[in-house]
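Thanks for coming. I will put the model on the screen and then go through contacts and charges.

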There are 2 protein chains.
Amino acid sequence: MVIDQLSLTFSALADPTRRAILARLTSGQTSVTELAAPHDMSLPAISKHLRVLEHSGLITRSRAGQVRPCQLKAEPMKDAVDWLERYRRHWEERLDRLADYLQELQANAPRQKGKRRGRAGKTSR
Amino acid sequence: MVIDQLSLTFSALADPTRRAILARLTSGQTSVTELAAPHDMSLPAISKHLRVLEHSGLITRSRAGQVRPCQLKAEPMKDAVDWLERYRRHWEERLDRLADYLQELQANAPRQKGKRRGRAGKTSR
DNA sequence: TTAGTATTTAACCGATTAGTTAAGTAACTC
DNA sequence: GAGTTACTTAACTAATCGGTTAAATACTAA
């Protein structure tokens with residue numbers, strides 16, 4: 001099944017080992033072995049993490065002799081941030097509360113005395 | 001096992017259904033049934049999604065009669081954005097490439113004729 | 001060619017995930 | 001209290017995840 005890019009990005013970022021790897025890559029491309037060093041897990045485990053990072057487009061890999069250097073490609077993070085930014089005002093102001101308050105006001109507006117249920121429609125499928 | 005908040009947030013955001021639910025909640029708190037309506041899945045499935053959103057701190061739930069309204073709590077997104085922002089320059093400029101270039105320069109610095117392997121050390125454990 | 005280094009692939013495992021259906025709970029309506 | 005509405009819990013399933021060890025691959029060095 002096809003999985004959208006944003007889901008791919010967020011789920012790649014959901015693992016602390018992978019985030020640490022990305023952090024390390026901000027100081028330049030490096031080998032798998034060196035990326036593995038700080039982590040208390042086997043090389044194949046790291047290799048798998050790198051594969052999901054590559055799959056999500058957050059790194060690219062090349063070849064230089066025996067070593068396969070990994071390089072950061074932060075572009076997909078842009079879309080993640082763009083998505084999140086739409087919520088900024090919600091965590092900065094208490095706008096979520098405000099939206100609820102306004103909705104409450106409208107819901108309790110005249111000509112609907114008490115127990116309205118505003119077109120519930122379609123009980124699931 | 002304890003799982004860090006950032007991983008919790010990113011993995012909550014990694015599902016398109018959950019992102020759609022959050023998007024819906026920007027226009028005010030609402031019931032589980034109404035949140036479920038646009039999605040082609042059972043109510044228990046939605047209930048589970050809401051549980052992971054609650055667990056990650058992205059929503060809160062209350063009780064108003066029979067209905068359990070969900071409310072957006074965008075705060076955890078702030079930390080997600082803060083984490084991502086450290087990479088902004090990497091997707092805006094081509095800074096990732098630059099870092100690699102600088103590292104390359106240093107690696108090829110004099111007094112290391114040709115095939116250095118810059119203290120490989122510690123072959124994993 | 002033989003040995004060593006870097007990394008991936010294969011096969012397996014236990015835990016988690018995302019969904020299902022069926023049954024349970026809690027409040028409201030009559 | 002009987003039925004309806006709104007939701008959750010339980011039990012199950014198939015797929016995915018994050019790790020393992022062992023073996024394979026690919027290059028380098030002697």
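First, the residue classes: Ala, Val, Leu, Ile, Met, Phe, Trp, Tyr, Cys and Pro count as nonpolar, Asp, Glu, Lys and Arg as charged, and the others, Gly among them, as polar. On that scheme, the surface near DNA strand C has 8 nonpolar, 8 polar and 8 charged residues. Near a strand means that a heavy atom of the residue lies within 4 Å of it.

Now the ground rules. This is a predicted model, where local features need pLDDT of at least 70 and side-chain atom pairs count only at pLDDT 80 or more, while totals for chains, interfaces and linings use all residues. Residues are numbered from 1 along each chain as its sequence is written, chains are lettered from A and ligands numbered from 1 in the order in which they are written, and side-chain values use heavy atoms, with hydrogens and water left out.

Back to the DNA. Strand C is surrounded by 24 residues, and the closest are A:Thr33, A:Arg61, B:Ser42, B:Lys48 and B:His49. Which helices each supply at least two residues of that surface? They are H3 (32-36) and H4 (43-55) of chain A, together with H4 (43-55) of chain B. Helices here are DSSP runs of H or I with at least four residues, strands are runs of E with at least two, and both are numbered from the N terminus.

Of the strand C atoms within 4 Å of the protein, 66% belong to sugar or phosphate, and the rest to bases. Three polar contacts go to phosphate oxygens. A polar contact is a pair of N or O atoms within 3.5 Å; within protein, one must be able to donate a hydrogen and the other to accept it, and residues adjacent in sequence count only if both atoms are side-chain atoms. B:Ser42 uses a side-chain N or O atom at 2.6 Å, B:Arg18 a polar side-chain atom at 3.1 Å, and A:Arg68 a backbone N or O atom at 3.2 Å.

Next, charge pairs. A salt bridge is a side-chain nitrogen of Lys or Arg within 4 Å of a carboxyl oxygen of Asp or Glu. Over all chains, the search finds 12 of them. One joins A:Arg24 and A:Glu34, N to O at 3.2 Å. A:Arg24 lies in helix H2 (residues 16-25) and A:Glu34 in helix H3 of chain A, so this pair ties together parts that are 10 residues apart in sequence.

In chain B, B:Asp82 and B:Lys78 meet at 2.9 Å, N to O. Both sit in helix H5 (residues 75-85), 4 residues apart, so about one helical turn separates them.

A:Arg61, already named among the closest residues to strand C, forms a salt bridge with A:Glu54 at 3.0 Å. A:Arg61 is partly exposed at 30% relative accessibility, and A:Glu54 is partly exposed at 33%. Buried means under 20% relative accessible area, exposed over 50%, and partly exposed in between, with a 1.4 Å probe and protein chains only. A:Glu85, A:Arg88 and A:Glu92 are linked in a salt-bridge network.

Last, B:Asp15, in the loop between helices H1 (5-13) and H2 (16-25) of chain B. What is the nearest side chain of opposite charge to B:Asp15? That is B:Arg18, 4.6 Å away, and B:Asp15 is buried with no salt bridge. For sign, Lys and Arg count as positive and Asp and Glu as negative; His and the chain ends are not counted. The B:Asp15 side chain does reach the backbone nitrogen of B:Thr17, at 2.8 Å.
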